[in-house]
Amino acid sequence: MTVELDLTIDPVDLTVALVAAPSVSEEEAELADAIERALRSQAPHLEVVRTGNAVLARTNLGRPSRVVFAGHIDTVPVNDNLPPRLVDGVLHGLGSVDMKGGVAVMLHLAVTVTEPKHDLTFLFYDCEEIDAARNGLVRVERDFADWMRGDLAVVCEPSNGVVEAGCQGTMRVELRKTGQRAHTARGWMGVNAIHALGAVMSTLAAYETRTVDIDGCTYREGLQAVHISGGVAGNVVPDAALLRINFRFAPDRSQEQAEAHMREVFAGHDVTVVDSAPGALPGLSAPAARELVEAAGGTPVAKLGWTDVARFAALGIPAVNFGPGDPTLAHTQQENVPVEQITRCARVLRLFVGG
């Protein structure tokens, strides 16, 4: 069945329609088609382009400032959490939190706010939930770089309707140990590679995380073992072992500084960086960011995970997270969002962009 969207309806009803349209990563084409059709037919004031399964739209009103809104349209795989259910003011269903509530608010603003005080760009992109190299924003930045530019970027990831500033960086490292196989009945004749990881595990257990305050936002770093493997058989001393560690670092560290810290913490061990992504500073001093904070009320808090705000920060664009939903429910079978949060986020962003 072809998905058809009315972007002028209440953002809550629009969220229900978006959740009802499955769009697991790499399977976003049908939803992207629907978004493109709706924007082209319902928003004649917008310039619209399509790249892969990403749909981009923007105003060109000559305003002195531009705000970029970004939201991914894909979800993690279905987990017996479709179709959507609206029960006692709470919407349940895949993507209701991550992040079709935020996408619905963006789509509603794109169509209904025709005379904003800032020029507006809306990026609806694909493949955020899988390998970073597949993320639709990578393609947008490569082929449509000017669409990423603005005075502020707002990523409408779930943030409980509170401005979450910046984000942590993330790095994964591997430590490998080698030994020598032997029969466990004569274990002294071999070298146990798993045992050799004991000192590393002790270092991890004793590690004291750093807490840092940046622009009034508190970032707490984290260092955790996330995978360990080794062993050949139940009666063989293992000759190889592998430990993977994830380091979540505050945005005042660069990736180079984070790597240097890992090598310092695990001095004497062979450390290999598997992948990393930089953090993003809060950027709350930007005038447009201050306007959003004022519209949202409350006190901004630090984003303790990693989001695509880091992609904008790397381009020198201040970026924050602001969207409906509890991020701790993302990727769970129990995804759900109070509809009041969707309504409030739409109201706040309408106040922020004006028009």
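The lining of the largest cavity in this predicted model comprises five nonpolar and three polar residues. Charged residues are absent from that lining. The cavity encloses about 40 Å³ of space. Its lining is formed by Val162, Val163, Val293, Ala296, Gly297, Gly298, Thr299 and Pro300. Gly297, Gly298 and Thr299 count as polar here, with glycine placed in that class. The valines Val162, Val163 and Val293 fall in the nonpolar class, together with Ala296 and Pro300. At a threshold of 30 Å³ or more, the count of cavities is one.

Open space was examined next. The largest pocket has a volume of about 790 Å³. Its lining involves 29 residues. Nearest the centre of the pocket lie Glu128, Thr170, Arg248, Trp306 and Thr307. By class, the pocket lining holds eleven nonpolar, seven polar and eleven charged residues. Charged residues thus appear in the lining of the pocket, whereas the lining of the largest cavity has none.

Several secondary-structure elements contribute to the pocket. Strands β9 (169-178), β13 (240-249) and β14 (271-277) each supply at least two lining residues, and so does helix α8 (309-314). The greatest contribution comes from β14, with three residues. Of the residues nearest the pocket centre, Thr170 falls within the range of β9. Arg248 falls within the range of β13.

Helix packing was considered for α1 and α9. Helix α1 spans residues 11-20 and helix α9 spans residues 339-353. Their axes come within 9 Å and cross at roughly 120°. The crossing is right-handed. On the α1 side, the contact is made by Pro11, Val12 and Thr15. On the α9 side, Val339, Ile342, Thr343 and Ala346 take part. Five of the contact residues are nonpolar and two are polar. No charged residue belongs to this contact. The two polar members are Thr15 of α1 and Thr343 of α9.

A loop position completes the description. Proline 44 sits in the loop between α2 (29-42) and β1 (47-51). Proline 44 is classed as exposed because its relative accessible area is 73%, and the class requires over 50%. Proline 44 and glycine 101 are separated by 57 residues in sequence. In space, the two residues lie 24 Å apart, C-alpha to C-alpha.

How values were computed: Residues are numbered from 1 along each chain as its sequence is written. This is a predicted model: local features need pLDDT of at least 70, side-chain atom pairs count only at pLDDT 80 or more; totals for chains, interfaces and linings use all residues. Side-chain values use heavy atoms; hydrogens and water are left out. On a 1 Å grid over the protein atoms alone, a cavity is a set of points where a 1.4 Å probe fits but cannot get out, and a pocket is an open set with protein on both sides within 12 Å along at least five of seven lines; lining residues have an atom within 4 Å of a point. Grid points are joined across faces, edges and corners, and a volume is the space filled by probe spheres set on the points. Helices (H or I, at least four residues) and strands (E, at least two) are DSSP runs, numbered from the N terminus. Axes are lines fitted to C-alpha atoms, for helices over the stretch in contact, and angles run from 0 to 180 degrees between N-to-C directions. A crossing is left-handed if the near helix is turned anticlockwise from the far one by less than a right angle, and right-handed if clockwise. Contact means heavy atoms within 4.5 Å. Buried means under 20% relative accessible area, exposed over 50%, partly exposed in between (1.4 Å probe, protein chains only).
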